[in-house]
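User: I would like a close look at one part of this model, the spaces inside and along the protein. Please also describe a helix, so that I have something solid to set beside them.

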Amino acid sequence: MVYTNGRAAGNSAVRGPWPARIKPLENESLSSWLVRASLANHSTPSNIANYIWPGWRAWTRDIDRELSKSQIASLSVVSTLTPEEIQNLTLRPIIQRITGKTELNTATAWKWVIQRSTRNKNTNRSTQFCPLCLQTNSKPYLRLDWRLSFITVCPKHNVNLLDACSHCGESIEIHKINRGKLSSCAHCRWNIADMTPVAANREVLSLTEQLIDDMHLAKSDKFELLAFVTALVRRLPKFQDKIIDPFLMNVTENAATARVDEFSGISFDWLNSDDRRLLLTAATPLMNMQPKGLAFILLNSGLSIGLLRNMVPNVPALLEPYFPEGNPTQRSPPRHSKQSIPKPTPKRLVQKRWHAFLKKHGLS
């Protein structure tokens, strides 16, 4: 393996396979595997990324989302993984199945992917992990599923996922690890596998298991419904005084207690794991209902159809058949009332204005 500054003019390197060629583990993310590969080859994530892609600052990008064909080809040469194996380490195939879209805009955020806020190589709480999973693996690694925003719990160990080191409070940034294992905090060297997780909410666990099962289908309407319900729950506390349905009133009170409306201006995928878990906990009772029952509650909640559509404009396909046709948000044209005949100006007001006019022009 050749170490060179690929960004310097005139520098070049003859690239061949790495001495240590490791295979990805089950459900491992691309970033996790690449960091493990760099440590196995006695290198650093920064050096190995620059070796593969000279001039491209890979760790300032979210490589778990996708790589271009040329980037995959370069990585395939040095790692001996096939392009298909590398593609399966990214989120693109998963998001394509969930959304039913074959074309994903590379320049915009992808729905259901935890957004990676980056400044230089510093990231903000975009990496989730289960300490018990890291403890039980002889080779600790990060799962690709942990990059999905609707997954906030570990179904295997029934605990909440974490996204920061409890010792120093910093985000988990594995691309800054220069030695050791992925279970080491890059900032304080604390073993994050030793952190004590909190038992997960049973209903959220059940919902998460359903979503993981649906995630492997060609396309599931469950995610469109989840987007609708989570958006609705975030807005319900503002209309608490209008709701008359007891079930929805209870959901609204729980959402208000959790203060989910405090981050209503932030996209679900930008929230940290704690806030997303709060929101999912409040939304789970509605997600557990059959579409017909959910539509019945919403239509008899005391909230008008127009208000519901204004709160969450995109009604999912599962609920649309139960909602009245047409667009109730459109206002009916104003009725044209008969124009009233103006009353004559009082005589005293006319005389007052006349005297003022004469005085102004020196005629009085």
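Analyst: What follows describes the pockets, then the cavity, then one helix.

The model is predicted, and every value below was computed from it.

The largest pocket holds about 650 Å³ of space. Its lining is made up of 31 residues, and the ones closest to the pocket's centre are K111, W112, F223, A227 and N314. Two elements, α5 (residues 92-99) and α8, each give two or more residues to this lining. The largest share comes from α8, with eight residues. Sorted by class, the lining of the largest pocket contains 16 nonpolar residues, eight polar ones and seven charged ones.

The second largest pocket has a volume of about 370 Å³. It is lined by 21 residues, of which R61, D62, I63, R65 and T106 are the closest to its centre. Here the classes are eight nonpolar, seven polar and six charged.

A cavity is a space where a probe fits but cannot get out, whereas a pocket is open. Searching the whole structure for cavities of 30 Å³ or more turns up one. The largest cavity has a volume of about 180 Å³. Its lining has 20 residues, and S31, D64, R116, T127 and R147 are the closest to its centre. By class, the lining of the largest cavity divides into six nonpolar, seven polar and seven charged residues.

Now the helix. Helix α10 runs from residue 273 to residue 287. At its N-terminal end, N272 acts as a cap: a side-chain oxygen of N272 lies 3.1 Å from the backbone nitrogen of D274. Further along, α10 bends by about 30° at T281. A proline, P285, follows T281 within four residues.

Which residues of α10 are buried? They are S273, R276, R277, L279, L280, A282, A283, T284, L286 and M287. Buried here means that under 20% of the relative accessible area is left. The cover over these residues includes two strands, β3 (153-154) and β4 (159-160). It also includes the helices α7 (202-215), α8 (222-235), α9 (246-257) and α11 (291-299).

One element links the two halves of this description. Helix α8 is among the elements that cover the buried residues of α10, and α8 also gives eight residues to the lining of the largest pocket.

Note on methods
Residues are numbered from 1 along each chain as its sequence is written. This is a predicted model: local features need pLDDT of at least 70, side-chain atom pairs count only at pLDDT 80 or more; totals for chains, interfaces and linings use all residues. Side-chain values use heavy atoms; hydrogens and water are left out. The bend at a residue is the angle between axes fitted to the seven residues ending there and the seven starting there. Buried means under 20% relative accessible area, exposed over 50%, partly exposed in between (1.4 Å probe, protein chains only). Contact means heavy atoms within 4.5 Å. A polar contact is a pair of N or O atoms within 3.5 Å; within protein, one must be able to donate a hydrogen and the other to accept it, and residues adjacent in sequence count only if both atoms are side-chain atoms. On a 1 Å grid over the protein atoms alone, a cavity is a set of points where a 1.4 Å probe fits but cannot get out, and a pocket is an open set with protein on both sides within 12 Å along at least five of seven lines; lining residues have an atom within 4 Å of a point. Grid points are joined across faces, edges and corners, and a volume is the space filled by probe spheres set on the points. Ala, Val, Leu, Ile, Met, Phe, Trp, Tyr, Cys and Pro count as nonpolar, Asp, Glu, Lys and Arg as charged, and the others, Gly among them, as polar.
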